[in-house]
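Me: Hey, can you walk me through this structure? I'd like to know what sits around the bound molecules.

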Amino acid sequence: MNQDISDLLQRALKDDRAALARLLSIMENNSVLAAEIELSLLPSMGKSFVVGITGPPGAGKSSLINALIPIAAKDFDRTAVIAVDPSSTFSQGALLGDRVRMNSYNHSEKLFVRSMGSRGNLGGLARSTVSAVSLFDSCNWPLIIIETLGIGQIELEIAEVADITVVVLNPGWGDTFQANKAGITESGDIYVINKSDRPGVHKTRIELEESLALIPHRSRVPQIVETIANTDTGIVGLWHTIAESLDSKNTDLKQIRELRQQQLFHRLVSFKIEQALGVATKSSLWKNIVSQNIENPEDARDLLDNLLLDISTRLRNY
Amino acid sequence: MFLEKLLAIGMFPYNSEASNTMEQKRILMAKTGLDGHWRGPTIVARALRDAGYEVIMIGMATGEEILRACVDEDVDLVGLNIGGHINVALRAIEAIKKERQSVPIFAGGTITPASARELNALGVEVYPPGSSLTDIVEAADRLTQRKQA
Ligand code: B12
Ligand SMILES: Nc1nc2c(ncn2[C@@H]2O[C@H](COP(=O)(O)OP(=O)(O)O)[C@@H](O)[C@H]2O)c(=O)[nH]1
Ligand SMILES: [Mg+2]
């Protein structure tokens, strides 16, 4: 790893915010460096809880986070927020507006808000969001909240990163998201009906309960909480539900640490393989092989074996 | 054949070197006065987004909040929307000059000629009402030293 980056890492681990912020950009801009940085963070990570907040645009995710932060502060020394908004597929640019709602504690040393564009990743998270979690974790941010857009199946990805996933909906959700009901209800541990100052809360709760009942293999029926984010109504209750859910999942730190490490190695291995694959597919070997005619299943099997052999040789030469 | 097809539909996300590295410039957009006037900064932010920038909006903010966002978001440029008084803007500029000296600042909105001169003297470029969005995007390209695509 180059000297600049090790210096930044040293500084970030000693609580230098600017260094941490710079590393986050480096990881966003360069996935190879991100993988390297994460690998070097491995010994220091696995100390934080990660709460994912997902839901359709405008549901009140940012407002809820803004309201939760001061309450969470009673249980956690400090909080990092990673807020992901979609990047434009045309310009690659993005309007990152979540901070507008998270304004009440912006001046506090104990809060670090980082906005991210999804940069072409379709899963609702930016590709580097997970790397950012590793960094915040290593730099002693004990609570990490991720805000991400989720509609339908998309929020599934957050469930792989977060210890607890909170799905935010509004009254009337059943009417708008009829077709997506199955998708939106699969990954949540907690469901929030925010904007419950609006009509239709009861109907929405019943519809939600019905959809949740349809999901098989759930060890625990998800809780439904009603909130009004901009008047702080129901926020203490929501935080209790989150904290309780963290407990009941038996998420002790050792377990989280093991899980994170496992996930990290998974990601790094598949990243390396994809990289090798990317280079391999450009080689003449691969180009020639695929232009051959495949006439029977054995040929296809042989072809696959050859390609796998090529990849494993490449990986060994890394 | 099947492999070519997979490549064509982009099944292998890392098959181009370019996808590993993507330098994206980031701009902070803050409002320092007259909170009802959000049209100007929003139009400017959209133009910058359409030009490929990640624009971090923070709405109305104090000098300290602007500095905090500037550091935490690791931005390449700070944009200040000013409405009348420039006191908050001056505090933000002073703080940024002290802590993040290398981050350039530009500004727009309702600014009197005298205030514009004061800002210019501090190295802050000013784009008053009526400025063209093309000029503003060009200024961003120049100030962030973004390579032209
Ligand atoms: C529309 C308008 C309103 C609307 C705002 C609608 C909205 N959502 O934005 C409403 C009706 C709400 C409004 C209210 C008021 N307004 Co008014 N308003 C205007 C008006 C007519 C146009 C503003 C506008 O939107 N222009 C279009 C945008 C695109 O232009 P812009 O904001 O100037 O932005 C351009 C540049 O400045 C620059 N730019 C802007 N921001 C940034 C940021 C960066 C980083 C950069 C690089 C460039 C940049 O790029 C843009 C494109 O060129 C102006 C007069 C005028 N002609 O400017 C008065 C004006 C701004 N308003 C004024 C006043 C006094 C008020 C009120 C106090 C009136 C009152 N007495 O109630 C209230 C304040 C409310 C509040 N709390 O903020 C005064 C401000 C005077 C001063 N010295 O600050 C003005 C100048 C009118 C005047 N001549 O008196 N207003
Ligand atoms: N009436 C009402 N409005 C809310 C509530 N929570 C958030 N909002 C508003 O809904 C809009 C979107 O909120 P935001 O937090 O940005 O949603 P996000 O896109 O999910 O992050 C904002 O204008 C908020 O002020 C609520 O409980 N009741
Ligand atoms: Mg939001």
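What follows is a short chat about ligand 2 and the magnesium ion in this predicted model.

Me: Let's start with ligand 2. How many residues surround it, and which are the closest?

Reply: There are 16 residues around ligand 2, and the closest are A:Gly58, A:Gly60, A:Lys61, A:Ser63 and A:Asp197.

Me: What's the mix by class in that shell?

Reply: The shell around ligand 2 has 5 nonpolar, 6 polar and 5 charged residues.

Me: Ok, and which helix gives the most to the shell?

Reply: That's helix α4 of chain A, residues 61–72, with 3 residues.

Me: Which polar backbone atoms are its oxygen atoms close to?

Reply: An oxygen atom of ligand 2 is 2.9 Å from a polar backbone atom of A:Gly60. For A:Ala229 the distance is also 2.9 Å, and for A:Ala59 it is 3.2 Å.

Me: How much of ligand 2 does the protein cover?

Reply: The protein covers 78% of the 580 Å² of accessible area that ligand 2 has on its own.

Me: And which pocket is it in?

Reply: Ligand 2 sits in the second largest pocket.

Me: Switching topic: what are the protein donors of the magnesium ion?

Reply: They are A:Ser62 through OG, A:Asp98 through OD and A:Glu147 through OE, lying 2.0 to 2.2 Å from the ion, which is ligand 3. Along the sequence, the donor residues are spaced S-x35-D-x48-E.

Me: So why does the pair A:Ser62 and A:Glu147 tie parts of the chain together?

Reply: Because A:Ser62 lies in helix α4 and A:Glu147 in strand β5 (residues 143–149), both of chain A, the pair links parts that are 85 residues apart in sequence.

Methods. Residues are numbered from 1 along each chain as its sequence is written. Chains are lettered from A and ligands numbered from 1 in the order in which they are written. This is a predicted model: local features need pLDDT of at least 70, side-chain atom pairs count only at pLDDT 80 or more; totals for chains, interfaces and linings use all residues. Side-chain values use heavy atoms; hydrogens and water are left out. A residue is near a molecule or strand if one of its heavy atoms lies within 4 Å of it. A polar contact is a pair of N or O atoms within 3.5 Å; within protein, one must be able to donate a hydrogen and the other to accept it, and residues adjacent in sequence count only if both atoms are side-chain atoms. Accessible areas come from the Shrake-Rupley method with a 1.4 Å probe; for residues, only the protein chains shown count as cover. On a 1 Å grid over the protein atoms alone, a cavity is a set of points where a 1.4 Å probe fits but cannot get out, and a pocket is an open set with protein on both sides within 12 Å along at least five of seven lines; lining residues have an atom within 4 Å of a point. A molecule sits in a cavity or pocket if more than half of its atoms lie within 2 Å of its grid points. Helices (H or I, at least four residues) and strands (E, at least two) are DSSP runs, numbered from the N terminus. Ala, Val, Leu, Ile, Met, Phe, Trp, Tyr, Cys and Pro count as nonpolar, Asp, Glu, Lys and Arg as charged, and the others, Gly among them, as polar. Donors are N, O and S atoms within 2.8 Å of the metal (3.2 Å for Na, K and Ca); water is not among the atoms, so sites may look incomplete.
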